[in-house]
Amino acid sequence: MADQREIYERHAEEYDALVAAEDWDGRLVPAIEAIVPLAGAAVLDVGTGTGRIARLVAPKAARIVGVDRAAAMLAIARRRLDAIGARYELHCADATALPVPSGWADVAIAGWVFGHFCHWMPDGWQEQVTRAIGEMRRALKPGGAIVILETLGTGDETPRPPNDALAAYYAWLEAEHGFARAAVRTDYRFDDVETAARTTGFFFGDAFAARVRAERWARVPECTGIWSRRA
């Protein structure tokens with residue numbers, strides 16, 4: 001697998017091409033709305049990256065505040081959000097120290113963020129994720145919702161943690177922080193098999209690209225976990 005921290009800093013355009021192809025069937029927003037209404041909502045998007053979640057919720061949300069520590073990703077997010085006329089603001093900052101006021105958001109979403117902590121900070125990820133969740137909770141109005149999105153398998157048709165580290169993290173979210181888990185298919189869709197192999201292989205590695213070619217996948221299976229709780 002590629003060094004994902006380097007990707008976020010130096011290959012944001014390629015990353016955006018990957019994530020723009022995910023959730024081809026548009027299942028993610030309805031799954032979030034089964035937890036919390038998005039119409040007229042004030043949304044905090046933690047680890048916004050290139051604005052993947054922000055772009056999905058923009059047609060419904062009244063306000064979006066995105067935070068990410070990778071300036072290259074935020075530059076793309078700004079361009080893409082401007083193109084759709086979104087009502088937003090972006091901040092370059094860490095998830096454990098959000099530069100936002102308290103008590104304003106209806107929902108705080110962290111999409112595919114904290115799972116990286118398990119690999120980047122193997123000896124201290126619990127403390128870091130707890131701090132980040134605390135910051136999300138601080139930003140919420142009373143009764144607001146925290147939503148955490150993570151992978152439950154790229155190339156898998158049945159939801160399951162892709163490795164032991166993420167399995168431990170997911171179980172910890174539920175046992176220690178009281179999150180409820182749901183799952184939804186968010187498959188990638190590309191124009192052809194070779195585009196699928198090249199685009200996914202950039203992020204998931206050469207072995208995964210070879211599997212895409214072997215399976216003849218222009219549509220690449222993906223399962224997404226949704227962990228939620230009220231503040």
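Biologist: How far apart are the mean positions of the 27 positive and 32 negative charges of the protein chain?

Modeller: Lys and Arg count as positive, Asp and Glu as negative, while His and the chain ends are not counted. Each charge is placed at NZ of Lys, CZ of Arg, CG of Asp or CD of Glu. Between the two mean positions in the protein chain lie 4 Å.

Biologist: What kind of model is this?

Modeller: Residues are numbered from 1 along each chain as its sequence is written, and side-chain values use heavy atoms, without hydrogens and water. Local features need pLDDT of at least 70, side-chain atom pairs count only at pLDDT 80 or more, and totals for chains, interfaces and linings use all residues, for this is a predicted model.

Biologist: How many helices and strands does the protein chain have?

Modeller: Both are DSSP runs, numbered from the N terminus: helices are H or I with at least four residues, strands are E with at least two. Counted that way, the protein chain has ten helices and nine strands.

Biologist: What is the radius of gyration of the protein chain?

Modeller: It is taken over C-alpha atoms, and the globule rule is 2.2 Å times the number of residues to the power 0.38. For 231 residues, a compact globule would come near 17 Å. The protein chain agrees, with 17 Å.

Biologist: What share of the 231 residues is buried?

Modeller: Buried means under 20% relative accessible area, exposed over 50%, and partly exposed in between, with a 1.4 Å probe and protein chains only. Of the residues in the protein chain, the buried share is 53%.

Biologist: Which residues does Ser228 touch, beyond those up to four places away in sequence?

Modeller: Ser228 sits in strand S9 (residues 222-230). Ser228 is buried, at 14% relative accessible area. A contact means heavy atoms within 4.5 Å. With residues up to four places away left out, Ser228 touches Ile35, Ile146, Val147, Gly178, Phe179 and Ala180.

Biologist: Among contacts between residues at least 6 apart in sequence, what percentage joins residues at least 24 apart?

Modeller: The contacts in question are those of the protein chain. The share that joins residues at least 24 apart is 75%.

Biologist: Why is the sulfur of Cys223 not bonded to that of Cys118?

Modeller: A disulfide is a covalent bond between the sulfur atoms of two cysteines. Here a disulfide is a pair of cysteine sulfur atoms within 2.5 Å, and the count comes to zero. Cys223 is buried, with a relative accessible area of 0%. Its closest cysteine sulfur, in Cys118, is too far for a bond, at 19 Å.

Biologist: Is Trp112 buried or exposed?

Modeller: Trp112 lies in the loop between strand S4 (105-111) and helix H6 (117-120). Its phi is near 55°, positive although the residue is not glycine. With a relative accessible area of 14%, Trp112 is buried.

Biologist: And Arg216, buried or exposed?

Modeller: Arg216 lies in the loop between helix H10 (206-215) and strand S8 (219-220). Its phi is positive too, near 60°, in a residue other than glycine. At 60% relative accessibility, Arg216 counts as exposed.

Biologist: How far apart in space are Gly51 and Ala75, C-alpha to C-alpha?

Modeller: Gly51 is in the loop between strand S1 (42-46) and helix H4 (52-57). Gly51 is buried, with a relative accessible area of 0%. In sequence, Gly51 and Ala75 are 24 residues apart; in space, 9.5 Å.

Biologist: What is the C-alpha to C-alpha distance from Phe203 to Ala168?

Modeller: Phe203 belongs to helix H9 (residues 193-204). Phe203 is buried, at 7% relative accessible area. Phe203 and Ala168 are 35 residues apart in sequence, and their distance in space is 23 Å.
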